[in-house]
Amino acid sequence: MTAIEISEPGGPEVLRPVEVTVPVPGHGEILIRVAYAGVNRPDALQRAGLYAPPPTASPLPGLEASGWVAAVGPGVTKWQEGDRVTALLPGGGYAEYAVTPEDHALPVPEGIGLKEAACLPETCYTVWSNVMLRGGLRAGERFLVHGGASGIGTTAIQMARALGARVFATAGSPEKCAACEALGAEKAVNYHEEDFVKVMKAEGGAHVILDMVGGDYIQRNVKALADEGRLVQIAFLKGSKAELNFAEVMMRRLTITGSTLRPQSDLAKARYARHLAKHVWPMVERGTLRPVIDSEFALVDAAKAHHRIESSGHIGKIVLKVA
Ligand SMILES: NC(=O)c1ccc[n+]([C@@H]2O[C@H](COP(=O)([O-])OP(=O)(O)OC[C@H]3O[C@@H](n4cnc5c(N)ncnc54)[C@H](OP(=O)(O)O)[C@@H]3O)[C@@H](O)[C@H]2O)c1
């Protein structure tokens, strides 16, 4: 099959099409003939040598894909050859075929196609597990997401809104802010022009903040939280170190937490998949959550897709067309 390999750690140009053997599904795994593969920022980190895949995962990039079940491994009970699925992958999505545990796949929701479906797993697993399960966001609470126009951000805005939260976002341009508001954010703050701490304080503070920026945002997020607020960290685009006065955490009963999806156990991911099937897929089927797609590239043009994601010019998700 054709796949994209990371020939060596580096820039987008190190992504090269190669011919490799089709993987064989093991016990409890399915083989997917990939229709579309989602492109995510963690793929760019892996390509640059900054985010090593777990030892048992494919070294090929790609954390999510949609397509058709092409074969099932021993012990598989949920899926049959030909089923249309979208799945979280341990790696290897930038390829014509990929394997994943059967419990990490979900049916393609009614009302959307394989292209949109490929954009769901990585962001939905991440947003649900961090905002809802760790952050405990409830209806009526104020929710702030940084990077509101990112793949994660556009999903988080819609999901939080569908749950009845009041949603705020930050983004780096007027166009991105307008996109966040069109998706359901009550206000999107252009961080080049306005201070999100002031904006959130004027509202009474955020009950939950989803942050991918880190650096000086860590201190500022603490200030922007309401009493009993929860800060959930999912990445550190501006660095992971900060000087923080923890007295504020104690006096205002704040929670600082975070997680990264990929190293979690298969059982934890299967649990998230059950949550998505119950709570999030109905949102997609009702049309209250729709993947925002910025652009599509052919599989062999994966390097162009990485240039696009690292330019930060995109709004929403980038996909690779494979079949
Ligand atoms: N923990 C996890 O399990 C997990 C899973 C998936 C993704 N992630 C992380 O979540 C983030 C979003 O992922 P994605 O795939 O949705 O990426 P993405 O679409 O590329 O979004 C990244 C966004 O971050 C903003 N940004 C970049 N540099 C910034 C900076 N220095 N300061 C402020 N904002 C900055 C950009 O928007 P502006 O133009 O508005 O600045 C960009 O839209 C990534 O950092 C990724 O690594 C974590």
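**Close-up views of a predicted model**

**Figure 1. Exposed residue R253 in a loop of the predicted model.** R253 counts as exposed because 10 C-beta neighbours lie inside 10 Å, where 12 or fewer such neighbours are the limit for this class. The residue belongs to the loop between α8 (246-251) and β13. Its phi is near 55 degrees, a positive value in a residue other than glycine. Most residues other than glycine have a negative phi.

**Figure 2. S312, a second residue with positive phi.** S312 is not a glycine, yet has a phi of about 60 degrees. The loop that holds S312 connects α10 (302-311) with β15 (317-321). With 15 C-beta neighbours inside 10 Å, S312 is classed as partly exposed, a class that falls between the limit of 12 or fewer for exposed residues and that of 20 or more for buried ones.

**Figure 3. The open sheet of six strands.** The strands follow the order β10-β9-β8-β11-β12-β13, and their pairing is parallel. The edges are formed by β10 (187-190) and β13 (255-258), each of which pairs on one side only. On average, neighbouring strands of this sheet are turned by 20 degrees against each other, direction ignored. Strands of a sheet pair through backbone hydrogen bonds.

**Figure 4. Pairing of β12 with the edge strand β13.** Strand β12 (residues 225-233) pairs with β13 in the parallel sense, over four bridges. Within this pairing, V232 has T257 in β13 as its bridge partner. V232 is also one of the residues touched by V208, a residue of strand β11.

**Figure 5. Surroundings of the buried residue V208.** V208 is found in strand β11 (residues 206-211). It is buried, since 27 other C-beta atoms lie within 10 Å and 20 or more suffice for that class. Leaving aside residues up to four places away in sequence, V208 touches V131, G135, L137, E141, F143, G229, R230 and V232. K317 is 109 residues from V208 along the chain, and the C-alpha atoms of the two are separated by 23 Å.

**Figure 6. Antiparallel pairing of β3, β4 and β5.** Strand β3 (residues 29-39) runs antiparallel to strand β4 (residues 64-72), and seven bridges join the two. Here L31 has A71 in β4 as its bridge partner. Five bridges join β4 to strand β5 (residues 84-88), again in antiparallel orientation. In this second pairing, R84 in β5 stands opposite W68.

**Figure 7. The shell of 24 residues around the ligand.** The residues that come nearest to the ligand are R41, S150, G151, G172 and A235. Elements that give two or more residues to the shell are α1 (41-47), α3 (121-134) and α4 (151-162). By residue type, the shell divides into eleven nonpolar, nine polar and four charged residues.

**Figure 8. The whole protein, for orientation of the close-up views.** The protein contains ten helices and 15 strands. Its C-alpha trace spans about 55 × 40 × 35 Å along the principal axes. The radius of gyration is 19 Å, in agreement with the value near 20 Å for a compact globule of 323 residues. Buried residues account for 50% of the 323 residues. Of the contacts between residues at least 6 apart in sequence, 67% join residues at least 24 apart.

Methods. Residues numbered from 1 in each chain as written. Predicted model: local features only at pLDDT ≥ 70, side-chain atom pairs only at ≥ 80, totals over all residues. Pairing = 2+ DSSP bridges. Axes fitted to C-alpha atoms, helices over the stretch in contact; angles between N-to-C directions. Rg over C-alpha atoms; globule rule 2.2 N^0.38 Å. Contact = placed C-beta atoms within 7 Å. Near = placed C-beta within 6 Å. Nonpolar A, V, L, I, M, F, W, Y, C, P; charged D, E, K, R; others polar.
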